[in-house]
Amino acid sequence: MRHNHTATDLQREHMLNDAQARHCALMHEYLAAEIAAAGWMSFERFMDLALYAPGLGYYSAGAHKLGAGGDFTTAPEVSPLFGACIARQCAEVLSELKGGSILEIGAGSGRLAADILLCLEKLGALPDCYWILEISADLRDRQRRHLAQHLPHLQGRVHWLDQPPEESFDGLVLANEVLDALPVSRFRWHHDRVEELGVVIDQRRFAWASRPASAAMLKACRRLWKTGGAWDDGYVSEYCPRLIPWTHSVTRSLRTGAALWLDYGLPRPQYYLPERHEGTLLCHFQHRAHGDPFLYPGLQDITAWVDFTELAEGARAAGFTLAGFTTQSFFLAGLGVDQEMQTIADGDANRFARLANEARQLMLPGEMGERFKAMAWLRGLDLPLSGFALQDLRHTL
Ligand SMILES: C[S@@+](CC[C@H](N)C(=O)[O-])C[C@H]1O[C@@H](n2cnc3c(N)ncnc32)[C@H](O)[C@@H]1O
């Protein structure tokens, strides 16, 4: 079955350029063919294909993604202060281990890697290896170019991986704004029952359609419901069945050290509050955030907030201890963001003023300061981490 959602249709509706409209139409056709074959597609599958389908998905194809010409801006794109603070946290762990390597997952433009490495060099705490596990070929190229330009002398330490390292290593695993891209399952509470929300084609367009929930979904929702409280009829939300398996797979070879996760999200009791009745799906296209995952398939990022309680449960199940959970604001403050401003500004008052503005963007509650959280797991180490010294939110999980 062919769905005639042509490039011209999309271009007229959404003012896409020719290449974007063609890409969107191809992705639409690809998704529609699979939906038509089965009559219905789970949202988890839809999100997976829209982000990762070979050659077409948002992260598999060549869109610009981060920064001014892209779709969204992340903390390392806002300011070098972010990477400098993460480097300080890495230095504490590497110094306790007397060496080690860093595995960064989903390195975006490469800016975080460059900022971390330059700062670790100044601190005399360079890792043996800096691995980048990156799914997007286009972003890998961008990372290589960024690192070649900004730290040519350290390039020999940086290596790109397709899979987590096979061999055990000591050090750190880092991921900033990656967990939010893991595909989620969507559900609705309807007539005192859980329904799974999936995707059908209605008049050539994607539309939501429900099915009775599977046993696995019922089990998951029972846990969410217990912590969140009674939901009204029509309550919609999501959960991420891949969060624990995925975080385990990328930390499996970490013998001794820390895993550091930064992302937007909430502890489960707040995530599933009755008033958050439309869930947390958020799409990004050209710096516009909206809640419609069916718009611009393959051209827009689709994300969901992280359930940090689930992530904490993952730590224990994989033999890590939960070393800290706090807001991005307190994490950066604990790591001495104010001293880093002085260091980076190096006496230049204009530069200092710019950094102060960037720090506000990273740390104010209405900006990135509270929505974004940091969580650390430790394996084989018992070490207080400065990023979590000023505020401990583990009791909220
Ligand atoms: C929102 S960007 C964040 C980039 C960077 N960490 C930053 O803070 O600027 C998400 C990054 O994760 C990568 N990514 C998404 N899913 C991934 C996966 N399953 N495995 C590895 N990388 C992934 C994307 O290609 C991209 O580099």
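**Exercise 1: two loop residues**

Locate lysine 98 between its flanking elements, and decide whether the residue is buried or exposed.

*Solution.* Start with the chain: lysine 98 sits in the loop that links helix 5 (80-97) to strand 2 (101-105). Helices (H or I, at least four residues) and strands (E, at least two) are DSSP runs here, numbered from the N terminus. A quick word on the ground rules: the model is predicted, local features need pLDDT of at least 70, side-chain atom pairs count only at pLDDT 80 or more, and totals for chains, interfaces and linings use all residues. Residues are numbered from 1 along each chain as its sequence is written, while side-chain values use heavy atoms, with hydrogens and water left out.

Next, the surface. Lysine 98 is exposed because its relative accessible area is 76%; the cut-offs are under 20% for buried, over 50% for exposed and partly exposed in between, with a 1.4 Å probe and protein chains only. Finally, check the backbone: phi of lysine 98 is near 60 degrees, a positive value in a residue other than glycine.

Now try aspartate 192: which two strands flank its loop? Strand 6 (185-190) comes before it and strand 7 (193-202) after it. Phi of aspartate 192 is positive too, near 60 degrees, and again the residue is not a glycine. With 65% relative accessibility, aspartate 192 counts as exposed.

**Exercise 2: helix 2 from end to end**

Compare the span of helix 2 with its expected value, then look at what sits at its start and what follows it.

*Solution.* First, the length: helix 2 covers residues 18-38, 21 in number, and runs 31 Å from first to last C-alpha. That is close to the expected 30 Å, a value found as 1.5 Å times one less than the number of residues.

Second, the start. A side-chain oxygen of asparagine 17 comes within 3.2 Å of the backbone nitrogen of alanine 19.

Third, the other end: glycine 39 follows helix 2, with a positive phi near 85 degrees.

Last, pick out the covered positions. The buried residues of helix 2 include Gln20, His23, Cys24, Met27, His28, Leu31 and Ile35.

**Exercise 3: arginine 268 and helix 11**

Is arginine 268 buried or exposed, and which side chains does its own side chain meet in polar contacts?

*Solution.* Begin with the setting: arginine 268 belongs to helix 10 (residues 268-271). The residue counts as buried because its relative accessibility is 3%.

Then follow the side chain. One polar contact, at 2.8 Å, joins it to the side chain of glutamate 310, and another, at 3.2 Å, to that of glutamate 313. A polar contact is a pair of N or O atoms within 3.5 Å; within protein, one must be able to donate a hydrogen and the other to accept it, and residues adjacent in sequence count only if both atoms are side-chain atoms. Leaving out residues up to four places away in sequence, arginine 268 also touches others, among them Arg223, Leu224 and Thr227, where contact means heavy atoms within 4.5 Å.

Now turn to helix 11 (residues 308-317), which is mostly covered, with seven of its ten residues buried. Glu310 is one of the buried residues, along with Phe308 and Leu311. At the start of helix 11, a side-chain oxygen of aspartate 307 reaches to within 3.0 Å of the backbone nitrogen of threonine 309. After the helix comes glycine 319, with a positive phi near 80 degrees.

**Exercise 4: the ligand's surroundings**

How many residues surround the ligand, and which are the closest?

*Solution.* Count first: 19 residues surround the ligand, and the closest are Tyr52, Thr74, Gly106, Glu134 and Asn176. To be near, a residue needs a heavy atom within 4 Å of the molecule.

Then go through the polar pairs:

- A polar side-chain atom of tyrosine 52 is 2.6 Å from a ligand nitrogen atom.
- A side-chain N or O atom of threonine 74 lies 2.6 Å from a ligand oxygen atom.
- A side-chain N or O atom of glutamate 134 lies 2.5 Å from a ligand oxygen atom.

Finish with coverage: the ligand taken alone exposes 590 Å², and the protein buries 96% of that.

**Exercise 5: a strand residue**

Where does tyrosine 235 lie, and is tyrosine 235 buried or exposed?

*Solution.* Tyrosine 235 is in strand 9 (residues 235-239). At 1% relative accessibility, it counts as buried. Then look across the chain: its C-alpha is 4.7 Å from that of histidine 277, although the two are 42 residues apart in sequence. Not counting residues up to four places away, the contacts of tyrosine 235 include Phe187, Trp189, Tyr271, Pro274 and His277.

Notes. Areas by Shrake-Rupley, 256 points an atom, 1.4 Å probe, with all protein chains shown as cover.
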